Amino acid sequence: MRRLLLKLINRALLTGSVGPMMGSEAGVHTNSRRRLVVGLGNPGMNSSRHSVGMAVLEALASRLGVADSWRGDRHVSGEVIVSDIQDTQIVLLRPRLLMNINGVSVAKAAGKYSIKPEHILLVHDELDKPLGKLAMKQGGSARGHNGVRSCVECLQTDVMPRLRVGIGRPSGKTSVDRHVLGRFSQEEQKVLSGVLEESVDILLSQLTDKENVQSPLSPPGGRPASQTGKQRERLSAPLKDTTTGQT
C-alpha cells in the first residue's frame with residue numbers, strides 16, 4: 001500500500017513537468033554531450049548517512065571549483081549547477097524533495113535539460129556495503145532503495161548508472177531507519193573524507209571516459225523498468241585510509 005501511494009504521489013507531482021530546456025542554458029557545445037549527476041538524499045539532512053549522495057555531489061562541486069554556484073530551480077524542484085568538464089556539459093542536481101520522491105526532481109531535470117536516462121548518474125547510500133566501499137552499478141533494479149525506486153518509476157526505465165556509497169548496516173538493536181537518518185560518528189567521519197575523495201575520482205572518470213561518450217551504457221531510449229537481467233558492477237579499489245579493516 002505504501003509503495004502504491006508513493007507511486008501515485010510521484011505521478012501527481014510530475015503532472016505538468018517542464019519540457020526541453022530553451023534559451024541560453026540550452027546552448028549545444030560542439031562535439032559535446034550533456035550529463036546529469038544526482039546526489040540522492042533528503043533536503044536539510046545533508047550530513048546524514050542516507051544523504052551521503054548529496055555530500056559526494058558537494059565534494060564534486062568543490063573539486064570543479066563551482067561549490068558556490070548552487071541555485072534553486074523551482075522547475076526541477078531542486079538546486080542545480082551547470083558546469084563543463086572537457087567537452088561535456090555537466091548538470092549537478094540536489095533534489096529539494098524527500099528521498100522517496102527524489103525521482104520527480106530527477107525526471108523534471110532530465111526533461112528540462114534534454115538528458116536521456118542512460119546519461120543520468122545517480123549517487124546514493126548503500127546499506128549492504130560497509131563504509132569505505134564504493135561500487136558502480138550499470139543500471140538494474142533499485143535493490144530496495146526508495147530514492148532509486150522513485151527515479152526508476154518517474155523515468156520509466158532502470159538503465160541509469162549508479163555510484164553506490166557504502167554506509168554499512170546498523171549494529172546492535174539500532175533500527176535501519178534510525179541508522180540511515182543518523183549522522184556519521186566521529187570515527188566514521190575520518191573514513192568519510194577518503195570516501196568522498198574516492199567517489200569524486202570515480203565520477204570524474206565516468207564523466208571523462210571517451211569510450212562512454214561514444215558508446216552509451218544502454219541503447220538509445222533505455223530499457224523499460226519492468227525488464228530484468230544481469231547487471232555489471234565495477235567495484236572500486238579499497239580506500240587507503242579506511243579504518244574498518246575490510247576490503
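**Exercise 1. Overall make-up**

Count the helices and strands of the chain, and state what share of its residues is buried.

*Solution.* Start with the secondary structure: this predicted model has 7 helices and 8 strands. Next take burial. The chain has 247 residues, and 51% of them are buried. Last, look at sequence separation. Take the contacts between residues at least 6 apart in sequence; 76% of these join residues at least 24 apart.

**Exercise 2. Strand β5 and its partners**

Determine how β5 is covered, and name the strands that pair with β5.

*Solution.* Step one is burial. β5 spans residues 120–126, and 7 of its 7 residues are buried. Step two is the pairing with β1, residues 33–39. β1 and β5 run in the parallel sense and share 4 bridges. Within this pairing, V38 has L122 of β5 as its bridge partner. Step three is the pairing with β7, residues 161–166. Here too the sense is parallel, over 5 bridges. D125 is bridged to V165 of β7.

**Exercise 3. Helix α3 and what follows it**

Find how many residues of α3 are buried, then describe the backbone just after the helix.

*Solution.* Begin with the helix. α3 covers residues 102–112 and is mostly covered, with 10 of its 11 residues buried. The buried set is N102, G103, V104, S105, V106, A107, K108, A109, A110 and K112. Two lysines, K108 and K112, are on that list.

Now move past the end of the helix. S114 comes just after α3 and has a positive phi of about 55°. S114 is not a glycine. Its place is the loop between α3 and β5. Finally, assign exposure: S114 has a relative accessible area of 49%, so it is partly exposed. Exposed would require over 50%.

**Exercise 4. Packing of α3 on α4**

Give the geometry of the α3 and α4 pair, class its orientation, and list the contact residues.

*Solution.* Two values come first, because packed helices are described by the angle between their axes and the distance between the axes. The axes of α3 and α4 (residues 146–155) cross at roughly 45° and come within 7 Å. The two helices are therefore oblique to each other. The crossing of α3 past α4 is right-handed. On the α3 side, the contact uses N102, G103, V104, V106, A107 and A110; α4 supplies S150, C151, C154 and L155. By class, this contact has 7 nonpolar residues, 3 polar and no charged.

**Exercise 5. Packing of α2 on α6**

Repeat the analysis for α2 and α6.

*Solution.* α2 is residues 52–63 and α6 is residues 186–208; they pack at about 65° with axes 9 Å apart. Angles of 65 to 115 degrees count as roughly perpendicular, and α2 and α6 are therefore given that class. α2 passes α6 in a right-handed crossing. From α2, the contact residues are V52, A55, V56, A59, L60 and R63; from α6, they are L192, L196, E197, S199, V200, D201, L203 and L204. The class count for this contact is 10 nonpolar, 1 polar and 3 charged.

Add one residue of α6, E198. Its relative accessibility is 22%, so E198 counts as partly exposed. The C-alpha atoms of E198 and V56 are separated by 9.5 Å, although their positions lie 142 residues apart along the chain.

**Exercise 6. Two loops that meet**

Locate R96 and S77, and establish which residues R96 touches.

*Solution.* Place R96 first: it sits in the loop between β4 (88–95) and α3. R96 is partly exposed, at 47% relative accessible area. S77 belongs to the loop between β2 (71–73) and β3 (78–85). S77 is buried, at 15%, since buried means under 20%. The phi of S77 is positive, about 50°, although S77 is not a glycine.

Now connect the two. Leaving aside residues up to four places away in sequence, R96 touches P43, G72, S77, G78 and E79. S77 is thus one of the residues that R96 touches. A distance completes the picture: R96 and V76 are 20 residues apart in sequence, and their C-alpha atoms are 8.8 Å apart.

Methods
Residues numbered from 1 in each chain as written. Predicted model: local features only at pLDDT ≥ 70, side-chain atom pairs only at ≥ 80, totals over all residues. Heavy atoms only, no water. Buried < 20%, exposed > 50% of the residue type's maximum accessible area, 1.4 Å probe, protein only. Axes fitted to C-alpha atoms, helices over the stretch in contact; angles between N-to-C directions. Parallel < 35°, antiparallel > 145°, perpendicular 65-115°, else oblique. Left-handed = near helix turned anticlockwise from the far one by under 90°. Contact = heavy atoms within 4.5 Å. Nonpolar A, V, L, I, M, F, W, Y, C, P; charged D, E, K, R; others polar. Pairing = 2+ DSSP bridges.
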